Amino acid sequence: MITISKEDYLKAIAEAEDEGEAVISATLAHWLAVTRPAVTAALKRLKKDGMVVVKSDGRIQLTSQGRQVAEQTIFRHHLIERMLSEIFGMPWYAVHEEAERLEHAVSPAFEKKLVEKLGEKDTCPHGNSLALRTPAERRKKGLCLLSEAPEGGRFQVVSVYERDRKLLDFFESEGIRPGTRLSVQTRNYDGTVSLAIDRKITRLGEPAAEKVWVSKA
């Protein structure tokens with residue numbers, strides 16, 4: 001039986017891999033805000049169910065069955081975000097937390113209705129793709145992090161990190177959202193980057209700039 005807890009763990013493993021992290025017990029404890037003993041107990045159940053394998057170095061990997069469950073959970077999350085944004089008009093920066101709560105309540109019948117209503121679309125309101133891609137795979141497609149974007153270049157925001165509501169609120173206040181066109185004015189000695197967005201100059205610290213993927217405009 002696939003419980004909400006199991007879905008949360010499998011989804012966290014898949015998404016952490018997508019962000020280029022080496023997934024170990026400490027990673028999951030941090031991502032899910034749970035204790036190490038809780039992670040150990042959960043992994044024991046997931047291994048028994050054939051959902052994950054734990055390598056000798058402690059790295060946790062999804063089996064094909066585990067990845068299928070993770071991708072299905074991510075798909076439902078994606079649909080809920082789109083429903084909240086496209087049907088109910090909820091701001092793009094507010095839908096992630098609601099989708100986290102609602103994704104487990106979506107039945108196959110409701111999922112089918114959502115697909116019929118919303119149509120096929122690969123990206124969520126934050127610009128993130130349904131197809132999980134590692135940083136290396138994103139770079140192969142011509143994307144780079146805003147923290148890496150060269151001075152003087154013109155770019156378009158493709159996607160932003162969606163699991164930090166305060167960061168999303170900040171991005172919204174500065175006009176940084178999927179589709180935003182900007183130019184990199186200067187890269188500063190302290191790691192901040194000065195951006196021009198609609199004739200407005202804003203400075204972004206390196207931790208925030210590392211959460212934005214852009215393409216050349």
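Here, a residue is called buried under 20% relative accessible area, exposed over 50%, and partly exposed in between. Take E210 as a first case: its relative accessible area is 40%, so it is partly exposed. The model is a predicted one, so read everything below as computed from that prediction.

## The overall build

Let's start with the big picture. The protein contains 9 helices and 8 strands. Its radius of gyration is 19 Å, close to the 17 Å that the globule rule gives for 217 residues, so it is as compact as a globular protein of that length. If you want a box for it, the C-alpha atoms fill roughly 55 × 45 × 30 Å along the principal axes.

How much of the protein is buried? Of the 217 residues, 44% are. As for contacts with a separation of 6 or more, 63% of them join residues 24 or more positions apart. The accessible surface is about 11,600 Å², and carbon and sulfur atoms own 51% of that. On the charge side, there are 34 positive and 32 negative side chains, and the centres of these two sets lie 2 Å apart.

## Back to E210

E210 sits in the loop between α9 (206-209) and β8 (212-216). Leaving out residues up to four places away in sequence, E210 touches L145 and S147. Its C-alpha atom is 9.2 Å from that of V160, although 50 residues separate the two along the chain.

## Two spots in helix α4

Helix α4 covers residues 64-87, and M83 is one of its residues. Is M83 buried or exposed? With 10% relative accessibility, M83 counts as buried. Setting aside residues up to four places away in sequence, M83 touches F88, F110, L114 and L118. For a longer-range distance, the C-alpha atoms of M83 and I2 are separated by 24 Å, with their positions 81 residues apart along the chain.

G66 is also found in helix α4. At 0% relative accessibility, G66 counts as buried. Once neighbours within four places in sequence are left aside, G66 is in contact with L10 and M51. The C-alpha atoms of G66 and K11 are 9.0 Å apart, for a gap of 55 residues along the chain.

## Helix α2 and what comes after

Which residues of helix α2 (residues 25-32) are buried? They are T27, L28, A29 and W31. An α-helix has 3.6 residues a turn, so residues three or four places apart point the same way. The buried residues of α2 pack against two other helices and a strand, namely α1 (4-18), α3 (36-48) and β2 (60-62).

Right after α2 comes A33, with a positive phi near 55°. A33 is a residue other than glycine, and its place is in the loop between α2 and α3. Its relative accessible area is 70%, so A33 is exposed.

D198 is another non-glycine residue with positive phi, in this case near 50°. You'll find D198 in the loop between β6 (193-197) and β7 (200-204). D198 is exposed, at 73% relative accessible area.

## Aromatic pairs

How many aromatic pairs does the count give? It comes to 2. Here they are side by side:

| Pair | Centre distance | Plane angle | Class |
|---|---|---|---|
| W92 and Y93 | 6.1 Å | 90° | edge-to-face |
| F170 and F171 | 6.2 Å | 45° | tilted |

Why do the two pairs get those labels? Planes over 60 degrees apart count as edge-to-face, those under 30 as stacked, and the rest as tilted. The W92 and Y93 planes are at 90°, so that pair is edge-to-face. The F170 and F171 planes are at 45°, so that pair is tilted.

Burial adds a bit more to the picture. W92 counts as buried, with 12% relative accessibility. In the other pair, F171 is buried at a relative accessible area of 0%, whereas F170 counts as partly exposed at 31% relative accessibility.

Conventions
Residues are numbered from 1 along each chain as its sequence is written. This is a predicted model: local features need pLDDT of at least 70, side-chain atom pairs count only at pLDDT 80 or more; totals for chains, interfaces and linings use all residues. Side-chain values use heavy atoms; hydrogens and water are left out. Helices (H or I, at least four residues) and strands (E, at least two) are DSSP runs, numbered from the N terminus. The radius of gyration is taken over C-alpha atoms; the globule rule is 2.2 Å times the number of residues to the power 0.38. Buried means under 20% relative accessible area, exposed over 50%, partly exposed in between (1.4 Å probe, protein chains only). Contact means heavy atoms within 4.5 Å. Accessible areas come from the Shrake-Rupley method with a 1.4 Å probe; for residues, only the protein chains shown count as cover. Lys and Arg count as positive and Asp and Glu as negative; His and the chain ends are not counted. The place of a charge is taken as NZ of Lys, CZ of Arg, CG of Asp or CD of Glu. Rings of Phe, Tyr and Trp (its six-membered ring) pair if their centres lie within 6.5 Å; planes under 30 degrees apart count as stacked, over 60 as edge-to-face and the rest as tilted.
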